[in-house]
Amino acid sequence: MDAESRPDERVRRMREKAEELEQAAQHATDPEERQRLRDRAMRVRERSEREYGRGSGTMDPM
């Protein structure tokens, strides 16, 4: 099984993506774009939690 197909690796990547989106939202100057990025980050984070569970890995709360 390669790293890409391991559930923990997928979840880690999803959480990294959520963090990237949150950082982009902080730097966005357009309020609508900022909200769109925050919403997308929240959806990615929720999906990672559903896929692997809340207690796995480390992630700072929002």
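Me: Which helix do the buried residues of H2 pack against?
Reply: Heads-up: this is a predicted model, where local features need pLDDT of at least 70, side-chain atom pairs count only at pLDDT 80 or more, and totals for chains, interfaces and linings use all residues. Residues are numbered from 1 along each chain as its sequence is written, and side-chain values use heavy atoms, leaving out hydrogens and water. Helices here are DSSP runs of H or I with at least four residues, numbered from the N terminus. The buried residues of H2 (under 20% relative accessible area, 1.4 Å probe, protein chains only) pack, by contacts of heavy atoms within 4.5 Å, against helix H1 (7-27).

Me: Within what arc do the buried residues of H2 fall?
Reply: Start with who is buried there: Leu37, Ala41, Val44, Arg45 and Ser48. They line one face of the helix, because, going by the directions from the helix axis to the C-beta atoms, they fall within an arc of 100°.

Me: Which exposed residues does the face of H2 turned away from its buried side carry?
Reply: Exposed means over 50% relative accessible area. On that face of H2, the residues that fit are Pro31, Glu32, Arg43 and Arg50.

Me: Which residue's backbone oxygen does the side chain of Ser48 reach?
Reply: Ser48 sits in helix H2 (residues 31-52). Ser48 is buried, with a relative accessible area of 0%. Its side chain makes a polar contact (N or O atoms within 3.5 Å, one able to donate a hydrogen and the other to accept it), at 2.8 Å, with the backbone oxygen of Arg45.

Key
Helix = DSSP H or I, 4+ residues; strand = E, 2+ residues; numbered from the N terminus.
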